[in-house]
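Please go through the structure below with me, one question at a time. I would like each answer to show its reasoning before it arrives at a value or a name.

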Amino acid sequence: MAVVLKEPSRTFNEYLLIPGYSSAEDRPENVSLKTPVTKFRKGEEPAISMNIPLCSAVMQAVSDDKMAVALAKEGGIAFIYGSQSIESQAAMVRRAKRHKAGFVPSDSNLRPDQTLADVIALKKETGHSTIAITDDGTSEGKILGIVTSKDYRVSRMDPSTPINEFMTPFDKMVYGKEGISLSEANDIIWDNKVNQLPIIDDNQRLTSFVFRKDYEEHKDNPNELLDSHKRYIVGAGINTRDYKERVPALIEAGVDILTIDSSEGYSEWQSLTLDWIRENYGDSVKVGAGNVVDEEGFRFLADAGADFVKVGIGGGSICITREQKGIGRGQASAVIDVAEARDRYFKETGVYVPICSDGGTVYDYHMTLALAMGADFIMLGRYFARFDEAPSAKLMVNGNYVKEYWGEGSARARNWQRYDLGGDAKLKFEEGVDSYVPYAGSLHDNVALSLSKVKSTMCNCGALSIPELQKKAKLTLVSAVSIVEGGAHDVILKEHSNHI
C-alpha cells in the first residue's frame, strides 16, 4: 500500500516564533539579511549572494526587466519570466543588464528635425523632461544635442518649431566619456551645475545618462546587488523543452543566474537539462531547479548539479495544482523537511545547496518563519505583483485600485512547459487562475516595510543574521483558537490591512 506520512501537512499560519533573549546589540540596524543563492563548498564563499532574502517569481504578471532593476536596487533578484519567445526574454535581460548603477539608458530620444510638439508629447508619455537628440532618434544614435525644460517655453513658442532651433547643441553640452566612474560623473555634474550628464563613446554615440537626482537615490539603496561591472544582477527562468536554444541566448544577453521553472522538479526532465548545462558550460552557469517538497526530491536535484533548490508545490495564491491533481504539501512542512535534508547533505558532502521557499507566504511574518525554518531565501509572486514595477495593468475595480495577477498555469498564460510531462506541446488543463491583487504602490517602500518587520522579529529572537536565526529560533504550533486570539478581536476595527 501507499506510504502514509503520520505528520499533518502544515502551513506557515500554524506556527509562531517563541521570543528568545535579546541583548543590547540586537537592534534592527545591526541585522544582516545577506544570504547565499548558489551552492558552495565548506570554507568557501558562494558565487552569488543576495543582500536581502527575496526574489520575484518566474511569472508573466511579476518579473520583467523593470522588476529586475527595481528588485536588484533593493538587494534581491528577479527571475524574468520564460513563457515568452527566446528573443523577447533575452531582450528583457539585455535591457536590465544595461542599467549600470547610476547609469541610465535613455528612453526619451528624438531627431533634430522633429518639433516642439514631439517634445511635449514625448514628455507627457514618459514623464521625463530630459530628451536626447540623436541622428536617428534612438538611444544608440549619434548624439547631436539635448533638450531639457530650460530650452523652451511652451507659451511663447510655435509647436511646429524644429528641435534643432532650440536644443542645446553637442558643442555646448557638458558630457562624460564612456568608462567614467559614477563618482567622477557626479563630480562633473556638481562642478558644472547641471542636472544630468550624457555619457558618450568614442563615436559620439550616447550610452547612458547620469542624473543629479539619482545621487540621493543611490545613497538610499545601500543594498544594491551588482556584478563586477556595476550592473544589476539579473535572473531568468528556463524550461525543460527549449533549453538548448534558450540558455545560450540568455547567457549572451548577460544573465547572471537561471532557474528551471517547473511545478514539479523531481523528474528526469530536470536532470537532463542540468546535465546539458554542465556538459556545455561547466559550473560557470548558475542554475537553480525545483520545485520539490521532501528530502528525496532535494537530493535528486542536488546530485544532478542544481545551484539552489526551490521548495513548494501548490501553495501559491493563484495555484490550483492541489485541487486539480491532488499533489503538494503544506509549505511549512515542505521547508522544514527540505532544510533538514540540505543540512544532512552539507555534512555528508561538504557542499551547501541553498533552498528557496516558493509559495504559501500570506503575511510579512511568514517571511521570517520561512527563514527560521531553514529557507535561505524566499520567492514571491503575489507580493511583487501588487507594485508599480510589476508588468501587469493597474485597474479600478469596485472603487479600489488593483493590479492583474494570473498564474502561469492559467488559460491566460498558457505556460504548458512549466507543467510538461512529455507528449503534446499544450496546456492540457488549468493549474492556475486569473485574478486581481490590491494595488500597493512602490516596491521600494513596501519591501523596506516588510524587511523592517523581519529584522525586528529576528532581534526578538536574539539573532542578527539568517544563519543565527535558524540556529536560535524556537517554533510552536498554534491552535485554531490561538490564531483568532493573535489578531485583533472583541473590538470594532476602524481599519485593518495586514496582508501582503
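**Strand partners and ring pairs**

Q: In β15, which residue is the bridge partner of I238?
A: The model is a predicted one, and in it β14 and strand β15, residues 257-260, pair in the parallel sense over four bridges. Within β15, the bridge partner of I238 is I260.

Q: Through which helix does the chain cross from β14 to β15, and what is the hand of this crossover?
A: After β14 the chain passes through a helix spanning residues 243-253 before it reaches β15, which makes a β-α-β crossover. The helix is α6, and the crossover is right-handed.

Q: Which residue of β14 stands opposite I80?
A: Strand β6, residues 77-80, runs parallel to β14, and two bridges join them. In strand β14, residues 235-238, G235 and G237 point one way while A236 and I238 point the other way, and all are buried. The residue of β14 that stands opposite I80 is A236.

Q: Which strands are the edge strands of the open sheet with the order β11-β12-β13?
A: This open sheet has three strands with mixed pairing. An edge strand here pairs on one side only, and that holds for the strand at 176-177 and for the strand at 206-211. The edge strands are therefore β11 and β13.

Q: Which residue in β12 does K177 stand opposite?
A: β11 and strand β12, residues 196-200, pair in the parallel sense over two bridges. Opposite K177, in β12, stands I200.

Q: At about what angle to β13 does helix α4 run?
A: Helix α4, made of residues 182-192, lies across both β12 and β13. Its direction relative to β13 is at about 65°.

Q: Why is the pair of Y383 and F387 edge-to-face, and are its two residues buried or exposed?
A: A search of the whole structure finds 16 aromatic pairs. In the pair of Y383 and F387 the ring centres are 5.2 Å apart and the planes stand at 85°, and because planes over 60 degrees apart count as edge-to-face, the pair falls in that class. Relative accessibility is 3% for Y383 and 0% for F387, and since under 20% is the limit, Y383 counts as buried and F387 likewise counts as buried.

Q: How far from the centre of the ring of Y439 is the charged end of K394?
A: The charged end of K394 sits over the ring of Y401, 4.5 Å from its centre. The charged end of K394 also sits over the ring of Y439, and the distance to the centre of that ring is 4.1 Å.

Conventions
Residues are numbered from 1 along each chain as its sequence is written. This is a predicted model: local features need pLDDT of at least 70, side-chain atom pairs count only at pLDDT 80 or more; totals for chains, interfaces and linings use all residues. Side-chain values use heavy atoms; hydrogens and water are left out. Rings of Phe, Tyr and Trp (its six-membered ring) pair if their centres lie within 6.5 Å; planes under 30 degrees apart count as stacked, over 60 as edge-to-face and the rest as tilted. Buried means under 20% relative accessible area, exposed over 50%, partly exposed in between (1.4 Å probe, protein chains only). A charge sits over a ring if NZ of Lys or CZ of Arg is within 6 Å of the ring centre and within 35 degrees of the ring normal. Two strands pair if DSSP finds at least two bridges between them. Contact means heavy atoms within 4.5 Å. Axes are lines fitted to C-alpha atoms, for helices over the stretch in contact, and angles run from 0 to 180 degrees between N-to-C directions. A crossover is right-handed if, with the strands pointing away from the viewer, the path from the first strand over the helix to the second runs clockwise.
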